[in-house]
Each structure stands twice: as C-alpha cells, then as structure tokens.
Amino acid sequence: MISPTDDRWPKLPRGWLRAAVVSTLALAFVAAATGFVAFLSEMRGGELAPDRKADGIVVLTGGSSRVSDAMELLAAGYGQRLLISGVHPTSTVSDISRTLPENQSFMRCCVDLDRSAVSTRGNAAEARRWAHERGFKSLIVVTSNYHMPRAILELSHAMPDVTLIPFAVVGDKWRDEPWWTSGATLRLLLSEYAKYVAAEVRVRLAAVGLAPDTADQPIGPPRRPATAQAN
C-alpha cells in the first residue's frame, strides 16, 4: 500500500492549485464582463414610441419623468388604463395630478395607484394582480432604461400569459454625458447589473424547482412606510 509520504506517490504539478484558482477567477471575470456588455447593449440612448397599443400601461416609480412619460402614453391612447406602481403610501391621485396639470382629466378617470410594492418583484406581483382583474392581455411597461431588463424579467416571470411592450425612459443625465465618464452612473449600472443577475439566477432556479417561487404569493404591506423603495 502506498502512503502519502511514499516517494512513489504521484505528485501533482507545483502550483496547480494557484493556477486553478487564477483560471477560475479569470473565467468568472470574462463571463461577468461579457454579461455586462450584453446588459448595456439592451439600453437605448433615446426614447422610442411603442410600435403598438396595449390593453394597459404600467409605470414603475423610482426615476425622474417615468410617470409623466406614462401619462403621455395614456393620453395618446396607447392603453385603456394606467397603473402607477410603488407610490408613496400617503400619496393620492390629487397629489400626483398637481404635478401633471395637463393630464388631470386622465388622472381622475383612468389611473390606478399601487401603494404596496416596495421592490421590482413587488411591482411585478401588483401589476399581475391589476392586469388579471381587468382581463388585460398586453401591457406597456414604463421604467428607466437601466432598470428595464430586470423589470421585464420580473414581470414576464410573474405573468407569462401577458404580452409586455417596453418603453424605456432615458434621463437627462444619460443623454448629456456618456455613462463611462460618470462615476455615479457607472456605479448605478454595476449595481443594477448585479441585481439583474441575482434576479435571473432566482428565476431560473425557481423554474426548475430549486428555489421557492414567490410569483403567486400576495405582497404584504410596505416595510418602509416613509418612502417607496427605489428600483
């Protein structure tokens, strides 16, 4: 029997462990960089009108001009009703209409507020509930361009039977300077990419039964009553 100290014991190449670790880290870095480039390629530098109308419109709060752009789509007849998801718990339709005086008539007749969602997953659950209650089979989704990939992922997972049409809102800062020249914008993109990857992993694991699927669970009251959590 050969013991570990026997000279006849086969010796592994020196530094194999270090090489394996370095190779693994290099592959992980390349995969992450490739994924980040693909993530960036999905972002539009300008706003494009939807190529078709939908039954309803859903806007996810958390970024500038999202609600006003969604109201413009509603006024233009792109949807029958609008859901503003992630509204501050104490906000009312009147509060919002004061900031959008030109669309007050639509606020009174055709806008619903969701005050429960405090995350993108919560937005998806509330949008599903809203769409199913009204029999809507197609939705225009309004959110910031950097948030759109994760929003579509969560919404499509929550309601695979509903057609989703993205309308990406492009902020002024995004238009004014390239993202790679701004440290704040780069940090925002990296943070959003990390959240997107985490959501993608969770959704894929749930699809094969390796993680609990919370898509059908009701959303409880907001855990942060002061403000809705930014997306």
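**A disulfide, a helix crossing and paired rings**

At 16% relative accessibility, Cys110 counts as buried (under 20% relative accessible area, with over 50% being exposed and anything in between partly exposed, for a 1.4 Å probe and protein chains only). Its partner is Cys109, with the two sulfur atoms 2.3 Å apart, and a disulfide here is a pair of cysteine sulfur atoms within 2.5 Å. Cys109, at 41%, counts as partly exposed. The torsion about the S-S bond of Cys109 and Cys110 is about -85 degrees, so the disulfide is left-handed. The model is a predicted one, in which local features need pLDDT of at least 70 and side-chain atom pairs count only at pLDDT 80 or more, while totals for chains, interfaces and linings use all residues. Residues are numbered from 1 along each chain as its sequence is written, and side-chain values use heavy atoms, leaving out hydrogens and water.

Turning to the aromatic rings, the count comes to 4 aromatic pairs, a pair being rings of Phe, Tyr or Trp (its six-membered ring) with centres within 6.5 Å; planes under 30 degrees apart are stacked, over 60 edge-to-face and the rest tilted. Phe39 and Tyr193 make a tilted pair, 5.5 Å centre to centre with 55 degrees between the planes. Both Phe39 and Tyr193 are buried, and ring pairs join these two with Tyr196 into a cluster. Trp130 and Phe136 have ring centres 5.3 Å apart and planes at 80 degrees, so this pair is edge-to-face. Trp130 is buried, with a relative accessible area of 5%, and Phe136 is likewise buried, at 6%.
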